[in-house]
Amino acid sequence: MQAIARVNRVFKDKEGGLVVDYIGIAGALKQAMNDYTRRDQKNYGDMDIAKTALPRFCEKLKICGELFHGFQYQAFMNDNSCDVDRANLIRDGINFILGKNEETQKIFHKETLLLKQARSLCQSLLDKDQRYEAAYFEAIRVALNKFTGTGKLSFREINEQINELLKQSVRSEGVINLFGNAEEDFSLFSPEYIEQIAKMKQKNLVAELLRKLIDEQVRLYQRKDFVQAQKFSERMRLLMNTYRNGQLTNADVIEELKKIAHDISVAHNEGRELGLSQEELAFYHALSNPLRRKDYYTN
């Protein structure tokens, strides 16, 4: 009884757990409840997932589909679609949802998470199209979490996670790679990588990738040169606020992000050109900016 209760314990957004009964323990539990407590009989609930979890899954799948109104992703469910086609649909879907406002993106994240939870309870009852469609939305959710969350951006890791979840839901005959032939993580200090990103046609995704890469570099900078990092952080804040307020086009913000990336790269090599260590350069920046001296010594 303890083992089953722990699996099925509700916490925060969790609605229930799935217990696989290999040895008839569920029947024994039901009999025990019948013998010992009337209260637990009332709270036991309907064990038929076709009446409980499946309707919930269908509801969340419909909501996710409505959030993608105007974007044609149905080919993902087609048996004739190859892995490259599916990878392109995932990438374009990421670009589509990134073009929505922040509130819509939050709703998408919440609903896809609920969809995943419901699917885990009724996976065996789903037809092919339902499994494919749910896998499509989950692939986008996984990628968006990496793009918008904290931590180092690894395209290889994103691809591996998406391939793994698609293996569980979709028949795949190869490796899905969302980012061309990229085998390594992108480096902000490589002009070739920056240009490779900038040339992608999914401009919402491009802007998010560049923002993520720059934010990561600014966080690293804070450990070595807090004053310089604050300058870049402020530039990023002003730029992204202007962009999200609709005052800049995708093309404009991408160009500005490329400039910031270039300036960070130049700043990274500044100490070497002056014959200074990173610590010496950070001390110099603090001295040349009296308002930031206190921040330097604090950090």
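This passage describes helix packing, one pocket and one cavity in a predicted model.

The packing of helix α4 (residues 53-67) against α6 (102-122) is considered first. The axes of the two helices come within 8 Å and cross at roughly 150 degrees. Because angles over 145 degrees count as roughly antiparallel, α4 is roughly antiparallel to α6. The crossing in which α4 passes α6 is left-handed. On the α4 side, the contact is formed by Ala-53, Leu-54, Arg-56, Phe-57, Lys-60, Leu-61, Ile-63, Cys-64 and Leu-67. These residues meet Thr-104, Ile-107, Phe-108, Glu-111, Thr-112, Leu-114, Leu-115, Ala-118, Arg-119, Leu-121 and Cys-122 of α6. By class, the contact of α4 with α6 comprises 14 nonpolar, two polar and four charged residues.

Helix α5 (residues 83-98) takes part in two further contacts, with α7 and with α10. Against α7 (128-148), α5 packs at an angle of about 60 degrees, and the two axes lie 10 Å apart. The pair is therefore oblique, and α5 passes α7 in a right-handed crossing. From α5, Arg-86, Leu-89, Ile-90, Gly-93, Ile-94, Ile-97 and Leu-98 enter this contact, while α7 contributes Tyr-132, Tyr-136, Ala-139, Ile-140, Ala-143, Leu-144 and Phe-147. Twelve nonpolar residues, one polar residue and one charged residue make up the contact of α5 with α7.

The axes of α5 and α10 (203-224) come within 7 Å, with a crossing angle of roughly 80 degrees. Because of this angle, α5 is roughly perpendicular to α10. Here α5 supplies Arg-91, Ile-94, Asn-95 and Leu-98, and α10 supplies Lys-203, Asn-204, Leu-205 and Glu-208. The contact of α5 with α10 contains three nonpolar, two polar and three charged residues. Ile-94 and Leu-98 of α5 thus appear in the contact with α7 and also in the contact with α10.

The second largest pocket holds about 510 Å³ of space. Its lining consists of 20 residues, of which Leu-98, Glu-102, Gln-105, Thr-148 and Glu-208 are the closest to the pocket centre. Two or more lining residues are given by each of α6, α7, α10 and α11 (226-244). The largest share, five residues, comes from α6. The lining of this pocket is divided by class into six nonpolar, eight polar and six charged residues. Leu-98 and Glu-208, both among the residues closest to the centre of the pocket, also belong to the contact of α5 with α10.

Enclosed space was examined as well. A search of the whole structure yields one cavity of 30 Å³ or more. The largest cavity contains about 40 Å³ of space. The residues that line the largest cavity are Thr-112, Leu-115, Lys-116, Arg-119, Ala-134, Phe-137 and Glu-138. Helices α6 and α7 are the elements that give two or more residues to this lining, and α6 gives the most, with four residues. In terms of class, three nonpolar residues, one polar residue and three charged residues line the largest cavity. Thr-112, Leu-115 and Arg-119 are among the lining residues of the cavity, and these three residues of α6 also meet α4.

Helix α6 accordingly recurs in the description: α6 packs against α4, gives the largest share of the lining of the second largest pocket and gives the most to the lining of the largest cavity.

Methods. Residues are numbered from 1 along each chain as its sequence is written. This is a predicted model: local features need pLDDT of at least 70, side-chain atom pairs count only at pLDDT 80 or more; totals for chains, interfaces and linings use all residues. Side-chain values use heavy atoms; hydrogens and water are left out. On a 1 Å grid over the protein atoms alone, a cavity is a set of points where a 1.4 Å probe fits but cannot get out, and a pocket is an open set with protein on both sides within 12 Å along at least five of seven lines; lining residues have an atom within 4 Å of a point. Grid points are joined across faces, edges and corners, and a volume is the space filled by probe spheres set on the points. Ala, Val, Leu, Ile, Met, Phe, Trp, Tyr, Cys and Pro count as nonpolar, Asp, Glu, Lys and Arg as charged, and the others, Gly among them, as polar. Axes are lines fitted to C-alpha atoms, for helices over the stretch in contact, and angles run from 0 to 180 degrees between N-to-C directions. Angles under 35 degrees count as roughly parallel, over 145 as roughly antiparallel, 65 to 115 as roughly perpendicular and the rest as oblique. A crossing is left-handed if the near helix is turned anticlockwise from the far one by less than a right angle, and right-handed if clockwise. Contact means heavy atoms within 4.5 Å.
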